Each structure stands twice: as C-alpha cells, then as structure tokens.
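Let's take a look at how a pair of helices meets and where aromatic rings pair up. Here is the structure to follow along with.

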Amino acid sequence: MDLPKRIVLVGPMGAGKSTIGRLLAKELGYGFLDSDRIIEERCGANIPWIFDVEGEEGFRHRETAMLGELAGKAGVVIATGGGAVMKPENHELLTRDALVIYLKASIEQQVERTRKDRNRPLLQQDDPEAVLRRLFEIRNPIYTELADIVMFTDKKSPRLVVRQLINKIHPRTPRQRRNLKKEGRNHA
Ligand code: S3P
C-alpha cells in the first residue's frame with residue numbers, strides 16, 4: 001500500500017498538531033511543514049502581531065494563501081492552524097491529494113494545553129474556556145466532515161498517538177518501516 005502524498009492535520013488549539021505532526025513526519029520519513037510557523041517566517045512577525053495589525057481577516061487571508069501553496073507539496077505532513085477549516089474555499093486545499101487527520105481533544109485538555117500560551121490571540125480573554133467551547137461547537141462538525149481519520153489525543157503521549165496513527169495509515173512491521181525510512185519514502 002502506498003502512503004498518501006500529503007498528510008494534513010486539522011483540529012483545535014491544544015490538540016497537539018505541531019508536536020504530533022513533527023514526530024509523525026519523522027517516523028514516516030516525510031518532511032514537516034507548520035502552516036502558522038511558515039506564515040510567521042514569511043511575515044517576519046508572530047501571529048499576535050499579525051492579528052493586531054491586520055486583524056483576524058488579514059491573518060485568514062495569509063492562511064488561505066499558505067494552504068494554497070502547501071496543497072502542491074508531496075511527501076509532507078502539514079500542521080494547520082485551528083481555524084484553517086473555517087473558510088469553505090480552504091476545504092479543497094486541505095483535502096487535495098491528502099489524508100486528513102483530525103486530532104481531537106476535549107475542552108478540558110485544550111484548556112490545560114493552552115493555559116500559559118500568549119501566542120494565540122483568540123484566547124487572550126477573561127474566559128478562554130468559553131472561547132474554546134464555542135469554537136468547538138462550530139468547528140467540530142467541520143473537522144469531522146473533512147477527516148479521513150479522527151484520533152483522540154486526550155491523556156496520550158505524542159509518541160502513543162503517532163504509533164496509533166501509523167497503525168491506521170500504514171500497518172507494516174517495524175522492520176519494513178525502518179527500511180522505508182532509509183529509502184526516503186514511497187509516497188504516491
Ligand atoms: C487559531 C489557531 C492557531 C492560529 C491562530 C488562530 C484558531 O493555531 O492559527 O491563533 O482560529 O483556532 P493552533 O491551532 O496551532 O494553535
């Protein structure tokens with residue numbers, strides 16, 4: 001079985017998309033690309049600055065352009081921002097030639113994992129939990145609809161999540177996987 005051309009991770013803030021994405025890419029011998037980090041690099045500014053100066057709309061515009069660019073890549077795992085699914089025009093960009101994985105987490109877990117974070121402008125509020133709850137209600141059906149695989153990450157280490165994902169994506173023996181890594185991939 002050939003591996004997918006691209007693997008796209010979607011899900012809320014605090015689901016572990018970046019950490020898990022990096023590890024998953026390493027295990028599969030894929031490259032790893034983090035949409036938010038590339039936007040920051042290109043812009044020479046962090047996400048709070050972009051939200052401050054250009055508003056959420058400005059950030060979303062940059063995000064759609066970035067997803068368009070990433071939709072042409074092969075042999076990569078892509079971590080997206082939690083709001084990447086909000087624009088219907090992004091859906092084709094997220095799913096094109098891709099295996100889409102929804103990394104799902106409970107609100108409690110999202111709160112816990114984002115508690116000390118200052119880099120997520122949407123959560124710089126008195127009640128970030130209420131924000132996460134509201135976003136979950138809106139976005140959970142969209143993540144679910146777009147996903148080929150839904151994986152819960154609550155109370156699991158990133159390594160365990162990656163192991164479970166690999167078993168779903170590509171159930172080979174460890175030796176076959178090691179050889180695959182050495183060869184540097186056989187994605188379609
Ligand atoms: C956002 C999630 C963030 C980032 C931006 C907006 C959202 O990414 O794109 O702050 O709308 O949920 P992470 O999901 O990686 O935190």
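Buried means under 20% relative accessible area, exposed means over 50%, and partly exposed is in between, using a 1.4 Å probe and protein chains only. This is a predicted model, where local features need pLDDT of at least 70, side-chain atom pairs count only at pLDDT 80 or more, and totals for chains, interfaces and linings use all residues. Residues are numbered from 1 along each chain as its sequence is written, and side-chain values use heavy atoms, leaving out hydrogens and water.

Now for the aromatic rings. Rings of Phe, Tyr and Trp (its six-membered ring) pair if their centres lie within 6.5 Å; planes under 30 degrees apart are stacked, over 60 edge-to-face, and the rest tilted. The count comes to 2 aromatic pairs.

| Pair | Centre to centre | Between planes | Type |
|---|---|---|---|
| F51 and F59 | 5.2 Å | 35° | tilted |
| Y102 and Y143 | 4.9 Å | 40° | tilted |

The Y102 and Y143 pair links distant parts of the chain: Y102 sits in strand β4 (residues 98-104) and Y143 in helix α6, 41 residues apart. Helices (H or I, at least four residues) and strands (E, at least two) are DSSP runs numbered from the N terminus.

How accessible are these rings' residues? F51 is buried at 14% relative accessible area, and F59 is buried at 3%. Y102 is buried at 0%, and Y143 is buried at 1%.
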